[in-house]
Amino acid sequence: MRQAKDTARATVRIGFDGRVYKQFRGHRARERFLNEVKVLQVLEERGCPNVPRLLEHDEETLRIVTTNCGQRVEHLSNQKIDELFGTLEREYKVRHDDVAMRNVTYRKEDGRFCLIDFEFATITDDPNHRPPPVMEP
């Protein structure tokens with residue numbers, strides 16, 4: 001497995017099978033894990049094509065396995081970033097709450113930009129949904 005990210009909040013590895021393995025840790029790890037699982041499930045139910053699909057999740061180990069959404073983007077205009085995150089909120093009723101280029105990938109197989117990392121996202125049309133507060137990376 002290739003390590004893609006190692007921070008105080010999570011370790012992300014890409015498997016040889018192409019799947020993404022994310023291990024939550026640190027402050028409020030359980031809340032962030034549960035939030036990301038819920039948001040990814042809602043986005044799949046709503047047919048959002050430009051986010052990873054949740055393949056597995058384990059509440060005991062706080063680990064999720066998702067499909068791979070391509071490579072991280074290194075250059076993107078602010079207008080395109082606003083468009084991607086705005087579409088997510090307008091069409092799928094999910095506000096990402098961590099709008100940054102580091103959360104945008106590009107999947108060359110279908111030429112699609114994708115959004116990742118939903119641990120702080122808000123489901124805007126669910127009045128009972130309360131994500132953990134956004135923390136600085």
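In this predicted model, strands β8 and β9 pair in the antiparallel sense, and the pairing runs over 4 bridges. One position to look at is Y106, whose bridge partner in β9 is F113. Helix α2, residues 78-92, packs on this sheet and touches both β8 and β9, with the direction of the helix making about 65° with that of β9.

If we step back to the sheet itself, it is an open one of 3 strands in the order β6-β8-β9, with antiparallel pairing. Its edge strands are β6 and β9, the latter covering residues 112-115, and each of these pairs on one side only. As a general reminder, strands of a sheet pair through hydrogen bonds of the backbone, in either the parallel or the antiparallel sense.

Let me turn now to the N-terminal strands. β1 and β2 form a hairpin that has 3 residues between the strands, and they pair in the antiparallel sense over 4 bridges. Within that pairing, R2 stands opposite I14 in β2, while D6 stands opposite T11 in β2.

β2 also runs antiparallel to β3, to which it is joined by 5 bridges, and here R13 has Y21 in β3 as its bridge partner. The hairpin of β2 and β3 has 5 residues between the strands, and in it G18 takes a positive phi near 90°. How much of β2 is buried? The strand is mostly covered, with 4 of its 5 residues buried.

That brings me to the largest pocket, which holds about 570 Å³ of space. Which residues lie nearest its centre? Of the 25 residues in the lining, these are I14, V20, N68, G70 and T105, and I14 is the residue that we met opposite R2.

As for the elements that build the lining, the three N-terminal strands just described, β1 (2-6), β2 (10-14) and β3 (20-24), each supply at least two residues, and so do helix α1 (29-45) and the strands β5 (63-66), β6 (71-72) and β8 (104-107). With β6 and β8 in that list, the lining also draws on strands of the open sheet with the order β6-β8-β9.

By class, finally, the lining of the largest pocket has 10 nonpolar, 6 polar and 9 charged residues.

How values were computed
Residues numbered from 1 in each chain as written. Predicted model: local features only at pLDDT ≥ 70, side-chain atom pairs only at ≥ 80, totals over all residues. Heavy atoms only, no water. 1 Å grid on protein atoms, 1.4 Å probe; cavity = no way out; pocket = protein on both sides within 12 Å on 5 of 7 lines; lining within 4 Å. Points joined across faces, edges and corners; volume = space filled by probe spheres on them. Nonpolar A, V, L, I, M, F, W, Y, C, P; charged D, E, K, R; others polar. Pairing = 2+ DSSP bridges. Contact = heavy atoms within 4.5 Å. Axes fitted to C-alpha atoms, helices over the stretch in contact; angles between N-to-C directions. Buried < 20%, exposed > 50% of the residue type's maximum accessible area, 1.4 Å probe, protein only.
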